[in-house]
Amino acid sequence: MRMKGCKVSRWTCSTLPHNRQQDLKFAEKILLGEAIEFETSQKAVHELRLDIATSLLRESDDLSRLCFYCGMEEQDEEHWICCDICQWWYHHQCVQRPPVDQPYLCPGCT
């Protein structure tokens, strides 16, 4: 997520070697009693990772006053822009001042 522009969390990043990317989704399906069917395309895996990261961040930290790009708190004089997909807020200057009169997609959603 940090490579996609989401630098908000105070968590450290590390990777454990593992050959099954869908294990969390697999466990979720079993726990919910749902059929174990889900897409495994590169796009679907990317969306799954984004969904998991978003859920973990939203449930573990209060991010309501933070820019999802730089991780800094809001300032009264700052201008903000919201991603039309994930609804995360960014300092307008942190995301290279995109036009405010057009739909905006953040680095994580593009």
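**Contacts, cysteines and helices in a predicted model**

Setting aside neighbours within four places in sequence, Y104 touches I81, C82, C83, D84, Y90, V95 and P98. This picture comes from a predicted model. Y104 itself sits in the segment after β2 (89–91). Its relative accessible area is just 7%, so Y104 counts as buried. One of its partners, I81, is 23 residues away along the chain, yet the C-alpha atoms of Y104 and I81 are separated by 7.8 Å.

The cysteines come next. A disulfide is a covalent bond between the sulfur atoms of two cysteines. A search through the whole structure turns up zero of them. Take C86: the closest cysteine sulfur belongs to C83 and lies 3.7 Å from the sulfur of C86, which is too far for a bond, because a disulfide needs the two sulfur atoms within 2.5 Å. The story is similar for C106, whose sulfur is 3.7 Å from that of C109, the closest cysteine sulfur, and again too far for a bond. As for their surroundings, C86 is buried at 17% relative accessibility, and C106 is buried at 1%.

Stepping back to the chain as a whole, there are two helices and two strands. Read from the N terminus, the order of these elements is α-α-β-β. Helix α1 covers residues 23–32 and is home to F26. With a relative accessible area of 32%, F26 is partly exposed. Together with I30 and I36, F26 makes a nonpolar surface patch of about 250 Å².

Helix α2 takes in residues 42–60, 19 residues in all. At 1.5 Å a residue, α2 should span 27 Å, and its end C-alpha atoms are indeed 27 Å apart, so expectation and model agree. Several residues of α2 are tucked away from the surface: A44, V45, L48, L50, A53, T54 and L57 are buried there.

Some overall figures round out the view. The chain has 110 residues, and 31% of them count as buried. About 8300 Å² of the chain is exposed, with carbon and sulfur atoms supplying 52% of that area. As for how the chain meets itself, take the contacts between residues at least 6 apart in sequence: 38% of these join residues at least 24 apart.

Key:
Residues numbered from 1 in each chain as written. Predicted model: local features only at pLDDT ≥ 70, side-chain atom pairs only at ≥ 80, totals over all residues. Heavy atoms only, no water. Patch = residues over 30% accessible without salt bridge, like charges linked within 9 Å, V, L, I, M, F, W, Y side chains within 5 Å. Areas by Shrake-Rupley, 256 points an atom, 1.4 Å probe, with all protein chains shown as cover. Salt bridge = Lys/Arg side-chain N within 4 Å of Asp/Glu carboxyl O. Helix = DSSP H or I, 4+ residues; strand = E, 2+ residues; numbered from the N terminus. Buried < 20%, exposed > 50% of the residue type's maximum accessible area, 1.4 Å probe, protein only. Contact = heavy atoms within 4.5 Å. Expected span 1.5 Å × (residues − 1).
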